[in-house]
Amino acid sequence: MKKMIKVLMVLVAFTFAFGNTGQAMAATALNLGSSNSFAVLGATTITNTGSTIVNGDLGLSPGTSVTGFPPGTINGTQHITDSAAAQAEVDLSTAYNAAAGQSVTVTVSGDLGGQTLVSGVYNSASSLGLTGALTLDGQGNPNSVFVFQSGSSLTTASGSSVNLVNGAQACNVFWQVGSSATLGTNSNFSGSVLALTSVTATNGALINGRLLARNGAVTLDTNTINRPTCAVAVTPTPSPTPTPTPTPAPVSPAVTPVPTLPSTGLGTQVVTLPWQLPMLAITGAIILFALIKTRKLVPSEK
């Protein structure tokens, strides 16, 4: 009995220790606050070359210089040194610190290319690079979160890509960069970059996310930046149960009533129709003739 109690105590302690550790290490989505509506946010300058398309708000604070729009296009609201941009920078700083403070799931270093990663917090004490393809696997969970912590820079190579599979969404991918981020030519990048200093997207880079710089500049060159939104799972509406159509009861055919003669008070009456009278007379005459013929009615001679 004592041995059994000891075993149970060990199991309880093991569950609490490892269960709490697992919860602490789970990645959580960042609250971007008012910076959530921005596809591009800078602190000093925002410079664009070419036909860049920004699908989302563009903001700058406390700097005042935004150039290259047009020819660039902003499908959102432009905030330059106003209260909205200033508050977005404050909220960006809060989100940046929250990302940096999340407990590490896996320590990584060097190049992330060629790997498939699941939801978690990935930390590099120095820089992060990406050559080729990085696959982020949501494992069927659209709420899976990926947080990358880089101690210094983030650099992606030309033609590199961040691919999302099995429910992973760009709105739940965050790159916390300790200095500056550079996205390579014609690369396909997913997730929101929260850089301490600056962000540069080189020619033709496609970003399904945000480019947010806390203290420095954002530089663009013929890019497309799509501010991500999380898809909400739709609960299917149950189909209404069809109401059965009642089967009508069979209707008996109508019976035509037979007319009855009024009672005379003389008992049962035999009703003879007029056309029967001649027939009876004729029949009686024939019978009488036959009897006379056979002499059955003639009295015998004495």
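A residue counts as buried when its relative accessible area is under 20%, as exposed when that value is over 50%, and as partly exposed in between. The exercises below apply this to a predicted model.

**Exercise 1. Determine which residues of helix α2 are buried, and check the length of the helix against its expected span.**

Solution. Begin with burial: in α2, the residues A85, A88, E89, D91, L92, A95, Y96 and A99 are buried. Turn next to the length: helix α2 covers residues 83-100, and at 1.5 Å a residue its 18 residues should span 26 Å. The C-alpha atoms at its two ends are 26 Å apart, which agrees with that expectation.

**Exercise 2. Describe the surroundings of strand β4, starting with its two faces and continuing with its partner strands.**

Solution. Strand β4 comprises residues 57-60, and both of its faces are covered, since D57 and G59 on one side and L58 and L60 on the other are all buried. For the pairing, consider strand β1 (residues 38-42), which joins β4 in the parallel sense over four bridges, with L41 standing opposite G59 of β4. Then consider strand β7 (residues 78-80), which runs parallel to β4 and is joined to it by three bridges; here L60 stands opposite I80 of β7.

**Exercise 3. Give the strand order of the eight-stranded open sheet, identify its edges, and examine the pairing of β20 with β22.**

Solution. The order across this open sheet is β5-β2-β22-β20-β18-β15-β12-β9, and the pairing is parallel. The edges are taken by β5 (65-67) and β9 (110-111), each of which has a single partner strand, so that one side of each is left without a neighbour in the sheet. Within the sheet, β20 (residues 199-201) and β22 (residues 218-221) pair in the parallel sense over two bridges, and the bridge partner of T200 is T219 in β22.

**Exercise 4. Locate the disulfide, assign its handedness, and state how accessible each of its cysteines is.**

Solution. The structure holds one disulfide, which joins C171 to C230 with an S to S distance of 1.8 Å. To place this disulfide in the fold, note that C171 lies in the loop between β16 (161-165) and β17 (173-177), whereas C230 lies in the loop between β23 (224-226) and α3 (276-293), so the pair ties together parts that are 59 residues apart in sequence. The torsion about the S-S bond is about 105°, and the disulfide is therefore right-handed. As to accessibility, C171 has a relative accessibility of 9% and counts as buried, while C230, at 39%, counts as partly exposed.

**Exercise 5. Summarise the whole protein, and decide where the model calls for caution.**

Solution. The secondary structure comes to three helices and 23 strands, and of the 302 residues, 33% count as buried. Among contacts between residues at least 6 apart in sequence, 51% join residues at least 24 apart. The accessible surface is about 17,600 Å², of which 63% belongs to carbon and sulfur atoms. For confidence, the mean pLDDT is 83, and 69% of the residues reach 70 or more. Over residues 7-24, however, the pLDDT is below 50, and beyond near neighbours in sequence this stretch has three contacts in the model. Residues 263-275 likewise have a pLDDT below 50, with three contacts beyond near neighbours in sequence. Where pLDDT is low, the predicted coordinates should not be read in detail.

Methods. Residues numbered from 1 in each chain as written. Predicted model: local features only at pLDDT ≥ 70, side-chain atom pairs only at ≥ 80, totals over all residues. Heavy atoms only, no water. Disulfide = S-S within 2.5 Å. Buried < 20%, exposed > 50% of the residue type's maximum accessible area, 1.4 Å probe, protein only. Pairing = 2+ DSSP bridges. Contact = heavy atoms within 4.5 Å. Areas by Shrake-Rupley, 256 points an atom, 1.4 Å probe, with all protein chains shown as cover. pLDDT = per-residue confidence, 0-100. Expected span 1.5 Å × (residues − 1).
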